[in-house]
Amino acid sequence: MTDATAEQAETPVKSGKKGTIIGLLLAVAGAGGGYFVTTSGMLPFGGKHVMENASGLNETEPLKVLPNVDFIDLPPVVVSVKAGDSRHLKFHAQLEVNSDYIDDVEMMKPRIMDVLNGYLRAVEMSDLEDSLALMRIRGHLLRRIEIVVGEGRVRDVLVMEFVLN
């Protein structure tokens, strides 16, 4: 046997535990460092600008004042839907109104109900089968109501009941 092969035969095979331990220590150090950087606010996401306390309130930003709004309840409307069979749509909504204009919008409630009835009677069954039908109806109604009462008075149409039977 030559000297080179004799040396190779006598060298023990390394088990690799040292490399595994070093890799594990580096992973733990990296995870700890990443957690610290994220929670300390050094990154634009995570940390103090996103972290919320147990009550769900943001810790660093002051509480925002809720808008000054009131709600006007509209009476439920039942309309027949244009379909081969006899189907009805029951629709009930509330209007989110800027508080300064509550009296103006309340005075126009009969006109609003007329617009609501006219629009809902024109809705066809195919319009209601779409998954975005309710969003589209809300948008159309809000636009028509804004035409009746004026821009900036009604903030939103809140659908309380939308039943098709």
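1. The chain end is a useful place to start: asparagine 165 touches Ser86, Arg87 and His88, leaving aside residues up to four places away in sequence. The structure is a predicted model, and the remarks that follow should be read with that in mind. Asparagine 165 lies in the segment after S4, and its C-alpha atom is separated by 5.6 Å from that of arginine 87, although the two residues are 78 residues apart along the chain. Asparagine 165 is nevertheless exposed, because its relative accessible area is 55% and the cut-off for that class is over 50%.

2. As to the overall layout, the protein chain has six helices and four strands, and these elements follow one another from the N terminus in the order α-α-β-β-β-α-α-α-α-β. Of the 165 residues in the protein chain, buried residues make up 22%. Among contacts with a separation of 6 or more, 61% are accounted for by residues 24 or more positions apart.

3. Helix H2, which covers residues 17–40, has 24 residues and reaches 34 Å from its first C-alpha to its last, close to the 34 Å expected at 1.5 Å a residue. H2 is followed by glycine 41, for which phi is positive, near 90°.

4. Which residues have the most contacts inside the largest nonpolar core? They are Leu95, Val105, Leu116, Leu120 and Val154, in a core that has 26 residues. Two or more residues of this core come from each of strand S2 (77–81), S3, helix H4 (109–122), helix H5 (125–128), helix H6 (133–149) and strand S4 (154–164). For one of the residues named above, leucine 120, the contacts beyond four places in sequence are with Val77, Val79, Leu89, Phe91 and Ile137.

5. The packing of H4 against H6 deserves a separate comment. Two packed helices are described by the angle between their axes and the distance between the axes. Here the axes of H4 and H6 come within 10 Å and cross at roughly 145°, and the crossing is right-handed. On the H4 side the contact is made by Arg111, Ile112, Val115, Leu116, Tyr119 and Leu120, and on the H6 side by Ile137, His140, Leu141, Arg144, Ile145, Val148 and Val149. The residues of this contact divide into ten nonpolar, one polar and two charged.

6. H6 itself has 17 residues and reaches 24 Å from its first C-alpha to its last, close to the 24 Å expected at 1.5 Å a residue. The buried residues in H6 are Ala133, Ile137, Leu141, Leu142, Ile145, Glu146 and Val149, and what covers them includes S3, helix H3 (102–107), H4, H5 and S4. After H6 comes glycine 150, whose phi is positive, near 105°.

7. Is glutamate 96 buried or exposed? Glutamate 96, whose place is in strand S3 (residues 87–98), is buried, because its relative accessible area is 16% and the class requires a value under 20%. Leaving out residues up to four places away in sequence, glutamate 96 touches Val69, Asp70, Phe71, Arg153, Val154, Arg155, Asp156 and Leu158. Val154, one of these neighbours, is also among the residues with the most contacts inside the largest nonpolar core.

8. Tyrosine 101 is found in the loop between S3 and H3, and it counts as partly exposed because its relative accessibility is 30%, a value in between the limits of 20% and 50%. The C-alpha atoms of tyrosine 101 and glycine 152 are separated by 9.1 Å, the two residues being 51 residues apart along the chain. Beyond four places in sequence, tyrosine 101 touches Gly152 and Arg153; Arg153 is also one of the residues that glutamate 96 touches.

Definitions and conventions
Residues numbered from 1 in each chain as written. Predicted model: local features only at pLDDT ≥ 70, side-chain atom pairs only at ≥ 80, totals over all residues. Heavy atoms only, no water. Buried < 20%, exposed > 50% of the residue type's maximum accessible area, 1.4 Å probe, protein only. Contact = heavy atoms within 4.5 Å. Core = buried A, V, L, I, M, F, W, Y, C linked by side-chain atoms within 4.5 Å. Axes fitted to C-alpha atoms, helices over the stretch in contact; angles between N-to-C directions. Left-handed = near helix turned anticlockwise from the far one by under 90°. Nonpolar A, V, L, I, M, F, W, Y, C, P; charged D, E, K, R; others polar. Expected span 1.5 Å × (residues − 1).
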